[in-house]
Amino acid sequence: MSDKYPKLNITEEAFANLDIPKFVESRNNLNTALKNTNTQINEIYTQLIETNRAKHQREVESHEALIQIAENTKGIKELVSLVRDGNEINKQTFELIQKLQTIMTAETPEEGETIIREVLDTANQANEDFETIQTLIGYGKMLFKLVFPDIEI
């Protein structure tokens, strides 16, 4: 043997002084503590996995929401342009309606018909849609009938 390590001298007296039941109890307590620690570590690990899974799911949902927002906002410039165009058309239509209302100040049926023709010509030149033109015609005829109930138009 090596001189590096001292020689064990286990005597019968030293062996007799060993408290085996206490050693077994300590070993059992250690095993129980290790099992409890392993159970707690497993619970923490499971919670960590669930937390990471939930975090990943939130990140995926956030990413998808951002993609959807980008898709939804892509056409905003075009929408603004369409609204501006629509506002211009509405402004022109409103001006035509105002012009039609001057039928009520017409003193003769011919003057009323002239106003209706001017409005329809303006609507046709402004490329108003067919439904708008039909509405204007109906409104003009109604006003004309109110002012000149005896005249057919």
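How far apart in helix 2 are Glu-50 and Arg-53, in residues and in helical turns? The two are three residues apart, so about one helical turn separates them. Their side chains form a salt bridge, with the closest N and O atoms 2.6 Å apart. Glu-50 is partly exposed, at a relative accessible area of 44%. The model in which this pair is seen is a predicted one.

The overall layout gives the setting for this pair. The chain has five helices and zero strands, and along the sequence it reads α-α-α-α-α. Helix 2 covers residues 20-73, helix 3 covers residues 76-101 and helix 4 covers residues 109-125, and helix 5 spans 130-147. Of the 153 residues of the chain, 12% count as buried. The accessible surface comes to about 13,100 Å², and carbon and sulfur atoms account for 56% of that area. When contacts are restricted to residues at least 6 apart in sequence, 61% of them join residues at least 24 apart.

Helix 2 also carries Ile-49, the sequence neighbour of Glu-50. Together with Tyr-45 and Leu-48, Ile-49 makes a nonpolar surface patch of about 290 Å². Ile-49 has a relative accessible area of 31% and is therefore partly exposed. Patch members must have over 30% relative accessible area, so Ile-49 at 31% passes that cut-off.

Salt bridges come next. Side chains of opposite charge can pair when their charged atoms come close. A search of the whole structure finds three such bridges, and the Glu-50 to Arg-53 pair is one of them. Another is formed by Glu-113 and Arg-117, at 3.7 Å from N to O. These two residues both lie in helix 4, four residues apart, or about one turn of the helix. Glu-113 is partly exposed, with a relative accessible area of 25%, whereas Arg-117 counts as exposed at 53%. The cut-off for exposed is over 50%, which is why Arg-117 at 53% falls in that class.

The remaining bridge joins Lys-99 to Glu-118, and the closest N and O atoms are 3.0 Å apart. This pair links distant parts of the chain, since Lys-99 belongs to helix 3 and Glu-118 to helix 4, 19 residues apart. Lys-99 is partly exposed, with a relative accessible area of 35%. Glu-118 is likewise classed as partly exposed, at 36% relative accessibility.

Helix 3 also contains Glu-95, which counts as partly exposed at 42% relative accessibility. The C-alpha atoms of Glu-95 and Val-119 are separated by 9.3 Å, while the two residues are 24 apart along the chain.

Val-119 leads to the interior, as one of the residues that Leu-100 touches. In soluble globular proteins, nonpolar side chains tend to be buried together. Here the largest nonpolar core has 13 residues, and Leu-100 and Ile-103 are those with the most contacts inside it. Helix 3, helix 4 and helix 5 each supply at least two residues of this core. Leaving aside residues up to four places away in sequence, Leu-100 touches Ile-115, Ile-116, Val-119, Leu-136, Tyr-139, Gly-140 and Leu-143.

Definitions and conventions. Residues numbered from 1 in each chain as written. Predicted model: local features only at pLDDT ≥ 70, side-chain atom pairs only at ≥ 80, totals over all residues. Heavy atoms only, no water. Patch = residues over 30% accessible without salt bridge, like charges linked within 9 Å, V, L, I, M, F, W, Y side chains within 5 Å. Areas by Shrake-Rupley, 256 points an atom, 1.4 Å probe, with all protein chains shown as cover. Salt bridge = Lys/Arg side-chain N within 4 Å of Asp/Glu carboxyl O. Buried < 20%, exposed > 50% of the residue type's maximum accessible area, 1.4 Å probe, protein only. Core = buried A, V, L, I, M, F, W, Y, C linked by side-chain atoms within 4.5 Å. Contact = heavy atoms within 4.5 Å.
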